[in-house]
Amino acid sequence: MQKLPKILLTSVFGPYGVDDAYGRKENIMELFHNQVTREQGLFSLRFQHQSFGLYLIADNLQADTTVLDFPSQKRFIQEIQKGYDYIGISFITPNFVKAKRMAELVRQHAPHTTLVLGGHGTAIPDIEKLIEHDHICRGEGVGFFRKLLGEKACRPISHPIMPSSFNQHIMGIPMPNRSAVLMTGVGCVNACRFCCTSHFFDRKYTAFFSTGKQIFDFCERAERERGYTEFFIMDENFLKNRERAEELVDEMERHGKSYRFSIFSSAETIREVGIDFVSRLGVTFLWLGMEGRRSESDYEKNRGVNFPELVAELRSAGVVVLGSVILFTEQHDKETIHDEIDFAIDAAPDFIQFMQLGPLPTTKLYQSYKIRGLLREDVPYEEWHGQHQLWFRHPHFTPEESEVYLRNAFRRAWDELGSSLLRLFETNLLGYLSTRGSTDPLLVARHEYFKACCLNYFPGLRVLIQFAHNPAERRYAEDVFARYEEEFGSLTLASRALSWRALLLAAIEKVRIATVGNLRQPRTLVTRVAYTPARSESLVPSVLDIQGLPWTGRLSLKSEEA
């Protein structure tokens, strides 16, 4: 019997979000705290995501594969000395120096191992000359590794069942993860000029799940195996394939099931399918590319869209909206940039991501700025992350000014709209009210979901009132609390106890932030994926034993220290 290849797939090493020889303090390993709720202090949403793509690759190879997520340098060295045939390092542009260092360590400690570089960082110009390697994986990774190993590349994709996030805390309160990640496809045909994801996948969409029935079967299996009924869909524009989404709704109706989904979508797609369809599908969270008022002519997807109206409709249906806006485009000067911030705040989504315009390799934006000589050669790749200073020459902003304007945009949104967490609480109440009295089975299930969410959130509203950062936010929180009381009555004795516990944990968290800082490092996660022939010929998902992630179900997972 032929020996199976032994493969290690790894993310870059920590610590993360610190100023050192390998990274910068602004590049935090927390999606929301890094670029969405970053200025909201105690009310910032805190959680981390594992490197989803590595687990998908591991689950689809005829090999014994280990995924090493968030290692230290020491832990990485220990692992690469175990005699792997292949080592794959995944990295993004700001982690270039870390990837380079890890490649050097592989050559030093495992010189006979075949080294593969992957991820968006491989789009860096002349990367072939900058980092030691044997192969470079650009684009979709499962097909690449299958071809590298001599496997049949076109066989079906097996999708592992794994949590969508870990290390969740809200106001210092530890929260259990309740959702699974679902990667339905990669790439996007819209090909916005700034989007490295679309360009990285050659402006095409590759579906891992081509039908709604396949998605439903995965959800049903995840519910049966691990109790998941909520799913975070990793797909640039999930509703773009309307037929697939409609088939998913049909399957849920036919089987008497109702699942909840967090998705990414463009505004034009939401308008095409309609809010009613979004509700019946079970969407409870939507990441919406608003981009900006002055950039509307550049993006066909947003032409003619009234964002305040669209966001209000979505929130009224119980859909929590994250609106993403780009600052420091060519149209922005020190007057017009305030119009853009007004545009984001006037839309009033639950969350706002303000992102600096960032010309990243492979994008049309990068090519244009490179030809025009606008890229700054003095800015290292560690600072190419969009949350500190510009790495190109803007006619109206210095790099230092861009940092200040960005920070003030986040703070102004918090001052005027209140915390994102409070708005999320309100949106769930709106969803509960909008589905009251419905006889549609999917909406009845949605109503019960929102009711459960509201009852869980109710005790936390006292924390938002107690620690509100300005009078306007306190009045807003008191109003939402009063509306909760009107619908659900006064807090029960048990809820009051939870409220006092939440207040205590929030107070401790405020002290922690003030004394030791507001950074949370992820634990090292080690996952061993042994090859089983069943996965190579079917879409049956495996349940990954991700060591380091707490789980309250049947599996007992052990932590491995970094």
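## A turn after helix H15

Just past the end of helix H15, Gly-418 adopts a positive phi of about 85 degrees. This is a good place to start a tour of the model, which is a predicted one.

The helix that leads up to this glycine is H15, covering residues 399–417. How far apart should the ends of H15 be? At 1.5 Å a residue, its 19 residues should span 27 Å, and the end C-alpha atoms are indeed 27 Å apart, so the two values agree. Several residues of H15 are buried, among them Pro-399, Tyr-405, Phe-410, Trp-414 and Leu-417. The buried residues of this helix pack against helix H1 (31–35), strand S15 (320–327), helix H13 (336–347), S16, H16 and helix H19 (471–488).

## Helix H16, mostly covered

After Gly-418 comes helix H16, which runs over residues 420–434. The same kind of length check works here: 15 residues at 1.5 Å each should span 21 Å, and the end C-alpha atoms lie 21 Å apart, which agrees.

Is H16 mostly covered or mostly uncovered? H16 is mostly covered, with twelve of its 15 residues buried. The buried set includes Leu-421, Leu-422, Leu-424 and Phe-425. Arg-423 and Glu-426 are buried too.

## A cavity lined by H15 and H16

Searching the whole structure turns up five cavities of 30 Å³ or more. The second largest holds about 90 Å³ of space. It is lined by 14 residues, and those closest to its centre are Gln-40, Ile-352, Ala-413, Trp-414 and Ser-420. Some of these names have a familiar ring: Ala-413 and Trp-414 are buried residues of H15, and Ser-420 is a buried residue of H16.

Strand S16 (351–356), helix H15 and helix H16 each give two or more residues to this lining. Which element gives the most? That is H15, with four residues. Sorted by class, the lining has nine nonpolar, three polar and two charged residues.

## The largest pocket

Next, a pocket. The largest pocket contains about 1400 Å³ of space. Its lining is made of 49 residues, and Gln-168, Ile-170, Met-175, Pro-176 and Tyr-457 lie nearest the centre. Helix H17 (residues 441–457) supplies the largest share of the lining, seven residues. By class, the lining divides into 30 nonpolar, 14 polar and five charged residues.

## A small sheet of three strands

Strands S2, S7 and S8 form an open sheet in the order S2-S7-S8, with antiparallel pairing. Strand S2 (45–48) and strand S8 (173–174) are the edge strands, each pairing on one side only. S2 and strand S7 (residues 166–170) are held in their antiparallel pairing by three bridges. In this pairing, Gln-48 stands opposite Phe-166 of S7.

Between S7 and S8 is a loop that contains Met-171. Met-171 is not a glycine, yet its phi is positive, at about 55 degrees. With a relative accessibility of 3%, Met-171 counts as buried, because buried means under 20%.

## Parallel strands around S14

Other strands in the model pair in the parallel sense. How many of the residues of strand S14 (residues 283–291) are buried? Nine of its nine residues are.

S14 has partners on more than one strand. Strand S13 (residues 260–265) runs parallel to S14 and is joined to it by five bridges, with Ser-262 partnered by Phe-285 of S14. S14 also pairs with S15, again in the parallel sense, over six bridges. Here Glu-291 has Val-325 of S15 as its bridge partner.

## Loops worth a closer look

A few residues in loops deserve a stop. Pro-15 sits in the loop between strand S1 (6–10) and H1, and the peptide bond joining Gly-14 to Pro-15 is cis, with an omega of about 5 degrees. Phe-70 lies between strand S3 (64–69) and helix H3 (73–80). Its phi is positive, about 60 degrees, although Phe-70 is not a glycine. Phe-70 is also buried, with a relative accessible area of 2%.

Our last stop is Leu-491, in the loop between H19 and helix H20 (493–516). Is Leu-491 buried or exposed? At a relative accessible area of 7%, Leu-491 is buried. Setting aside neighbours within four places in sequence, Leu-491 is in contact with Phe-458, Pro-459, Arg-462, Phe-481 and Arg-496.

Key: Residues are numbered from 1 along each chain as its sequence is written. This is a predicted model: local features need pLDDT of at least 70, side-chain atom pairs count only at pLDDT 80 or more; totals for chains, interfaces and linings use all residues. Side-chain values use heavy atoms; hydrogens and water are left out. On a 1 Å grid over the protein atoms alone, a cavity is a set of points where a 1.4 Å probe fits but cannot get out, and a pocket is an open set with protein on both sides within 12 Å along at least five of seven lines; lining residues have an atom within 4 Å of a point. Grid points are joined across faces, edges and corners, and a volume is the space filled by probe spheres set on the points. Ala, Val, Leu, Ile, Met, Phe, Trp, Tyr, Cys and Pro count as nonpolar, Asp, Glu, Lys and Arg as charged, and the others, Gly among them, as polar. Two strands pair if DSSP finds at least two bridges between them. The expected span of a helix is 1.5 Å times one less than its number of residues. Buried means under 20% relative accessible area, exposed over 50%, partly exposed in between (1.4 Å probe, protein chains only). Contact means heavy atoms within 4.5 Å.
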